[in-house]
Amino acid sequence: MSELFSQYNYVIVIILMMTGLYTVFASRNLIKKLAGLSVFQTSVFLLYITIGKVSGGQPPILVEGGASYGTDVDGHALLEGTIQVAAGGGSYILPGPGSDVLYSNPLPHVLILTAIVVGVATLSIGLALTVRIREVYHTIEEDEIEEKDFIYNLEGTAD
Amino acid sequence: MSDPTQTFGRDPHVLLRVIAKFLIPLIALFAFYVQFHGDYGPGGGFQAGVILAASVILYALVFGLKAAKRAFPPSLIRYGMTLGVLLYGGTGVLSWFMGGEFLNYSVLAHDASHGQHYGILAVELGVLTTVTTVMIAIFYAFGSRQPETSDEDW
Amino acid sequence: MSLFAAVAEPAFVVPTMLLDISFLALLVVVAFAIVRMRSLFGIVMLQGVYSLVSACWFVSLDAVDVAFTEAAVGAGVSTVLMLSAMLLADRKSTPVPMRRQVGALAVVVLAGMAMLYAVGDMSAYGDVHSAANSYVGMDYIAKTAEEIKIPNVVTAVLASYRGYDTFGETVVIFSAGLGVLLLLGLNGNSGRWVARPNGQMLNDHAAPSAGLATDNRSEEQRAEPDQ
């Protein structure tokens, strides 16, 4: 049980994902389906980002440590894990022994960053299809569309 | 959308118009800050593109689609969409011709890290162009599909 | 990894945890409200709220770039697009009969149980030593300082290390824009024909915006009506 407590983020994110999936499955309105799909999608983003979180970490934007960055209480230099930058003379502080800086994992951030923008592009394709369906069928309710298709196949005319 | 030339007392959206006119240039400026400061802080081509598109969309929402199409003509969209992708791919091909692999920016300048800086700048510019124009194109496509919404509809 | 030998074991920081739990509770409430709601306007706005709250949580999770994008895209542009699509379609959704909801609920509960069963194998929240946080992700941080020399690691990975990936995404966005323009038209004038499968008119009623169909001027003329 204590194990599940340290993983509470996954449990709640799975509940959110399943809520979005339920909206996609259960609703018949195409726009509501797309809203549910986007909730599902955002929840998947949350899952990825929580995996990359490092407790005590900070955003993966390297901290510049100049010469004045200082020493710890015992007088040891804190800059062992740093790397000198060529021209400016400044340096970035990297995580490691002797460094008190910790960054979260940047890899999930990169993957999700592009996925968000691609998500809105695919959402707009879905919305465009919905608009065209509405113009031909005069409804965006799935069962009414199927009914019109059925009548059309039976009698050769709709309405 | 009511006529922008209405007199002060009859225009219900005068506050919205004034504030939007003040905000839209700032939003566009912020987009470019996000674009060119993306190496140092949070930001980059994707975010800047969406923010720049949002400024045009806000203009269209407040002043009407016709005015927005005069400010950002639809003909620009066709060129912008393709130019962004070509700029991205072209950077890759250029690094190819300069002796590196596709999209290996290290060969673009004498110093490898300077080459990386130039490459990232060019590529982010391509992303900015494509994302901005595609977002505006999608908004124009949906917005032009309907007669403009009157105040009574809301 | 030995790189993190000096770092203490992750401890629960109480204020951060309270913040996380309140954001997650807010997300659950908004998601359930979306399921229950029938007004499409409300659903679209709540979807924007959901994006905004998750952007807030992304900041708490150190993903500032992602939070930025989610706030601009999810809460901004996609809400505007869904609203403009909703104006072209309906304002209300019809209620779904109970019989259809039971099947969907069963599938969702089963899938959720399967995923909860797998949670035990995941690493603890915020674990520095987890497999996901050990190898390539942390390598990017060290290599960016040496090779690319820009502070923002996310930009460096996005544009340089994973440039192919981002190129693909840009092409996807381009083709999505192309798809919308093919479906709707840049000036909203695409597809003004009536579907005629088997030579039979499926629907001869005027489309909601068919009044524009008689507009035979060229695109440039319509774009600049005052000239």
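This dialogue walks through some features of a predicted model, moving from one chain to its contacts and then to a pair of helices.

Me: Before I look at how the chains meet, how many helices and strands are there in chain C?

Reply: Chain C has eight helices and zero strands, and, read along the sequence, its pattern is α-α-α-α-α-α-α-α. Of its 227 residues, 39% are buried. If you take the contacts in chain C between residues at least 6 apart in sequence, 45% of them join residues at least 24 apart.

Me: How many residues of chain C and of chain A does the contact between them take?

Reply: It takes 98 residues from chain C and 90 residues from chain A. On the side of chain C that touches chain A, the helices that each supply at least two residues include helix H1 (14-36), helix H2 (40-60) and helix H7 (163-184), while the largest share, 14 residues, comes from H3(C). Sorted by class, this side of chain C holds 67 nonpolar, 21 polar and 10 charged residues.

Me: What is the corresponding count for chain B and chain A?

Reply: Here seven residues of chain B are in contact with seven residues of chain A. Helix H5 (residues 112-144) of chain B gives the largest share of the chain B side, namely four residues, and that side divides into four nonpolar residues, two polar ones and one charged one.

Me: Could you take a single residue as an example: why does C:Val180 count as buried?

Reply: A residue is called buried if 20 or more other C-beta atoms lie within 10 Å of its own. C:Val180 counts as buried because it has 28 C-beta neighbours inside 10 Å. This residue is found in helix H7 of chain C, and, leaving aside residues up to four places away in sequence, C:Val180 touches A:Ser124, A:Ile125 and A:Ala128 as well as B:Ala137, B:Ile138 and B:Ala141.

Me: And when two helices pack, what describes them?

Reply: Two packed helices are described by the angle between their axes and by the distance between those axes. In chain B, helix H4 (residues 74-97) and H5(B) pack at an angle of about 155°, with their axes 8 Å apart. Angles over 145 degrees count as roughly antiparallel, and therefore H4(B) is roughly antiparallel to H5(B).

Me: Is the crossing of H4(B) and H5(B) left-handed or right-handed, and how do the residues of their contact divide into classes?

Reply: The crossing of these two helices, H4(B) and H5(B), is left-handed, and the residues of their contact comprise 15 nonpolar and 10 polar ones, with no charged residue.

How values were computed. Residues are numbered from 1 along each chain as its sequence is written. Chains are lettered from A and ligands numbered from 1 in the order in which they are written. This is a predicted model: local features need pLDDT of at least 70, side-chain atom pairs count only at pLDDT 80 or more; totals for chains, interfaces and linings use all residues. Two residues are in contact if their C-beta atoms, placed from the backbone, lie within 7 Å. Ala, Val, Leu, Ile, Met, Phe, Trp, Tyr, Cys and Pro count as nonpolar, Asp, Glu, Lys and Arg as charged, and the others, Gly among them, as polar. A residue is buried if 20 or more other C-beta atoms lie within 10 Å of its own, exposed if 12 or fewer, and partly exposed in between; C-beta atoms are placed from the backbone. Axes are lines fitted to C-alpha atoms, for helices over the stretch in contact, and angles run from 0 to 180 degrees between N-to-C directions. Angles under 35 degrees count as roughly parallel, over 145 as roughly antiparallel, 65 to 115 as roughly perpendicular and the rest as oblique. A crossing is left-handed if the near helix is turned anticlockwise from the far one by less than a right angle, and right-handed if clockwise.
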